[in-house]
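Work through the exercises below with the sequence and the 3D structure at hand. Try each task before reading its solution.

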Amino acid sequence: MASFYDNHNHSQFSFDGSRTTIEASARAGRAAGLSGMCFTDHCDFFVPPVKAEFEHLVPEQFDIAAQQEEIDRVRELLPDFRIFKGIEIGLEEKSREENRRLLKEWKFDEVIASVHYLDDTDPFWGGYYEGKGWKEAYGHYLETICNEMILLGDFDIMGHFDYVARYAPYPECSICYRDFPDIFDTMFRYLAENGKALEINTKTYQDYKGRTPVLDPDILKRFRETGGEAVSLGSDSHDPARVGDKFRIYADFIKSCGFTHAAHFRKRQLVLEKI
Ligand SMILES: [Zn+2]
């Protein structure tokens, strides 16, 4: 029987995760039939002024010691369910040094590297898309993740490459391999050569203001062709109801693109489980 791990979840320790707790989400994941999950709370050392104005949060770091202690407590309550300690580290030019320092200082099972803010703007709160067509907006975001993750190096999963399409104002709401082959090839070679995972983030593929991005199978097929083995499933849940959301659908999708396993990480080591 396939065993599924949800590698991307937020808890009460993320600035935006107050709709759940580690215990509530872990119980939901266990009840949903997952084998385990990882809590990857947000850490963004730099928050653009446009967002800080709305939310008065500069920067967005979580209390790592408290989160890890709470995970230890919930592990004892649910001994038959695997709970991993993670972080979602925000790639941003201004955060490079602090990201490196933090990752040296703390131990995690898994590190997701992702981009939430770029060019002093926030795709969610706006600003980023102004004056850009869809191709420039998506292409520049992909280039930014690619460059920053390679500079960081110290991570396990490249998180939500298609975050930029989630909240975009264009009718073109899906990111396709054919539109950005060179950037994807550079990303995929780096991930494949370094044993890192490509994340399928199921939060992207849901309705947002009447538009629903879809996952392009050519992205996964090309990752496989370039030697990529590790694909990780993440719900990006901020509430218990979304833990493991649509995993069976996306596990089948991954299989149809040539993968037999899904990835997760324990103590920063890649584990591949049959799906
Ligand atoms: Zn994220």
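**Exercise 1. Pairing in the sheet**

Which residue in β5 does Ala113 stand opposite?

Solution. Ala113 stands opposite Met158. The model is a predicted one, in which local features need pLDDT of at least 70, side-chain atom pairs count only at pLDDT 80 or more, and totals for chains, interfaces and linings use all residues. Residues are numbered from 1 along each chain as its sequence is written.

Step 1. Fix the terms. Helices (H or I, at least four residues) and strands (E, at least two) are DSSP runs, numbered from the N terminus. Two strands pair if DSSP finds at least two bridges between them.

Step 2. Apply them. Strand β4 covers residues 110–114 and strand β5 covers residues 157–158; the two are parallel and share two bridges.

Step 3. Place the pair in its sheet. Seven strands form an open sheet in the order β1-β2-β3-β4-β5-β6-β7, and the pairing is parallel. At its edges are β1 (5–9) and β7 (231–234), each of which pairs on one side only.

**Exercise 2. The edge strand β1**

How does β1 pair with β2, and over how many bridges?

Solution. Step 1. The two strands pair in the parallel sense, over three bridges. Tyr5 stands opposite Gly36 in β2.

Step 2. Check burial. A residue is buried if 20 or more other C-beta atoms lie within 10 Å of its own, exposed if 12 or fewer, and partly exposed in between, with C-beta atoms placed from the backbone. By this rule, five of the five residues of β1 are buried, and the strand is mostly covered.

**Exercise 3. The faces of helix α3**

Describe helix α3 and find which of its residues are buried.

Solution. Step 1. Check the length. α3 has 14 residues and spans 20 Å from its first C-alpha to its last, close to the 20 Å expected at 1.5 Å a residue. The expected span is 1.5 Å times one less than the number of residues.

Step 2. List the buried residues: Gln67, Ile71 and Val74. Seen down the axis of α3, they fall within an arc of 70°, so they line one face of the helix. The arc is taken over the directions from the helix axis to the C-beta atoms.

Step 3. Look at the other side of α3, where Ala65, Ala66, Glu69, Asp72, Arg73 and Glu76 are exposed.

Step 4. Identify the cover. The buried residues of α3 are covered by elements including α1, β2 and β3; contact means that the C-beta atoms of two residues, placed from the backbone, lie within 7 Å.

**Exercise 4. Glu60 in its loop**

Is Glu60 buried or exposed?

Solution. Step 1. Locate Glu60: the loop between α2 (49–55) and α3 holds this residue.

Step 2. Count. Glu60 has 21 other C-beta atoms within 10 Å, so Glu60 is buried.

Step 3. Name the contacts. Leaving out residues up to four places away in sequence, Glu60 touches Phe15, His42, Cys43, Asp44 and Val47.

**Exercise 5. The nonpolar core**

Which helix gives the most to the largest nonpolar core?

Solution. Step 1. Define the core: a set of buried Ala, Val, Leu, Ile, Met, Phe, Trp, Tyr and Cys residues joined through C-beta atoms within 7 Å.

Step 2. Find its best-connected members. The largest nonpolar core has 69 residues, of which Val111, Ala113, Tyr141, Leu142, Ile145, Met158 and Val231 touch the most other members. Helix α5 (residues 134–152) gives the most to this core, with seven residues.

Step 3. Follow one member. Not counting residues up to four places away in sequence, Tyr141 touches Val115, Leu118 and Val164.

Step 4. Add the general rule. In soluble globular proteins, nonpolar side chains tend to be buried together.

**Exercise 6. A hairpin**

How many residues lie between β8 and β9 in their hairpin?

Solution. Step 1. The hairpin has two residues between its strands. β8 (261–266) and β9 (269–274) flank the loop that holds Lys267, and Arg268 also has its place in the loop between β8 and β9.

Step 2. Describe the pairing. β8 and β9 run antiparallel and are joined by six bridges. His264 has Val271 in β9 as its bridge partner.

Step 3. Compare the turn residues. Phi of Lys267 is near 45° and phi of Arg268 is near 70°; each is a positive value in a residue other than glycine. Lys267 has 11 C-beta neighbours inside 10 Å, so Lys267 counts as exposed. Arg268 has 14, so Arg268 counts as partly exposed.
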